[in-house]
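Take a walk through this fold, from the chain as a whole down to single side chains. Keep the model in view while reading.

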Amino acid sequence: MTATPVSVNSNACLISPEIGKSVLAPAHPPLKLGVLASGSGSNFEVIAQAIQNQQLNAQIPVLIYNNPEAKAAARAQKYGIPSILLNHRDCKSREELDTKIVKTFQEYDVEWIVMAGWMRIVTTVLFDAFPDRVINIHPSLLPSFPGIRAVEQALAAKVKITGCTVHIARLEVDSGPILMQAAVPVLPDDTAETLHARIQVQEHKIMLGALALIAESNQKDCD
């Protein structure tokens, strides 16, 4: 008897908790988000675009980037958002960099911090200034495959499902309470590039979903 092949939709995913219209409903007052980015800033732009389209009730008073070549700065300019370069190479320690970050975010009256592709290890300086208000996104279903090259780790382990996670950041890398996850199937012919591209599509969804949950909670606290 020949087994019938199982058809896998390359775009299929499972998001938990499910994103619904109620989650994306406007909240008041808007969240003030400080964003940290090191690279292309695609997650940053997704947030900025959702705010512009009134899909997310938030503000981005400032973007901080640490790499002079980061494309995130150009994306910020596109949306009229101030961007500030704090080059880690100019700092003698991680704590010195984080001290500058905290000072900048406090000057811009930031409430929550979003690490949107921030490729620096964060210290207690930042966490103490913004306790339980720093969120991170990681391209795996944490606690599986923490750290660098998570997509490559998943392929090497030959798992059938991986994904991405938005979580409250902690001192231990890629740890902390999980806010939202999306599962993504690993296809037989996947490379790190193809798999990462599909994961990134879901990253954008759950980043907005998690921020909407935070906004909803913020609204309840203000009522």
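Two residues are in contact when heavy atoms of theirs lie within 4.5 Å. By that criterion, consider the contacts in the protein chain between residues at least 6 apart in sequence: 67% of them join residues at least 24 apart. The model is a predicted one. Its protein chain has 223 residues, and 46% of them count as buried. The chain exposes about 11,700 Å². Carbon and sulfur atoms supply 53% of that area.

Next, the secondary structure. The chain has 6 helices and 8 strands. Along the sequence they follow the pattern β-β-α-β-α-β-α-β-α-β-α-β-β-α.

How are the strands ordered in the sheet? The order is β1-β8-β7-β6-β5-β2-β3-β4, in an open sheet of 8 strands with mixed pairing. β1 (14–16) and β4 (83–85) stand at the edges. Each has a single partner strand, so one side of each is left without a neighbour in the sheet. On average, neighbouring strands are turned by 20° against each other, direction ignored.

Look now at β2. This strand spans residues 31–37 and runs parallel to β5 (residues 112–115), with 4 bridges joining the two. One residue to find here is Val35, whose bridge partner in β5 is Val114. β2 also pairs with β3, again in the parallel sense, over 6 bridges. There, Gly34 has Val62 of β3 as its bridge partner. Of the 7 residues of β2, 6 are buried, so the strand is largely enclosed by the rest of the structure.

Helix α1 covers residues 42–52 and packs on the sheet. It touches β2, β3 (58–65), β5 and β6 (134–138). The direction of α1 makes about 155° with that of β3. Is α1 mostly covered or mostly exposed? It is mostly covered, with 8 of its 11 residues buried. Among them are Phe44, Val46, Ile47, Ala48 and Ala50. The buried residues of α1 also include Ser42, Asn43 and Glu45. After the helix comes Gln54, which has a positive phi, near 60°.

From here, turn to the interior. The largest nonpolar core has 42 residues. Which of its residues touch the most other members? They are Leu33, Ile47, Val114, Ile135 and Leu211. Helix α6 (residues 192–222) gives the most to this core, with 11 residues. Leu211 shows how the pieces meet. Leaving aside neighbours within four places in sequence, Leu211 is in contact with Leu31, Leu33, Ile47, Leu56, Val114 and Ile135. Val114 is thus a contact of Leu211 as well as the bridge partner of Val35. A second, separate core has 19 residues. Ile64, Val110, Val122 and Leu126 are included in it.

One last feature involves aromatic rings. The structure holds 1 aromatic pair. Phe105 and Phe130 form it, in an edge-to-face arrangement. Their rings are 6.4 Å apart centre to centre, with 90° between the planes. The pair links distant parts of the chain, since the two residues are 25 residues apart. Phe105 belongs to helix α3 (residues 94–107). Phe130 sits in the loop between α4 (124–129) and β6. Both Phe105 and Phe130 are buried.

Methods. Residues numbered from 1 in each chain as written. Predicted model: local features only at pLDDT ≥ 70, side-chain atom pairs only at ≥ 80, totals over all residues. Heavy atoms only, no water. Core = buried A, V, L, I, M, F, W, Y, C linked by side-chain atoms within 4.5 Å. Buried < 20%, exposed > 50% of the residue type's maximum accessible area, 1.4 Å probe, protein only. Areas by Shrake-Rupley, 256 points an atom, 1.4 Å probe, with all protein chains shown as cover. Pairing = 2+ DSSP bridges. Axes fitted to C-alpha atoms, helices over the stretch in contact; angles between N-to-C directions. Phe/Tyr/Trp six-rings, centres within 6.5 Å; stacked < 30°, edge-to-face > 60°.
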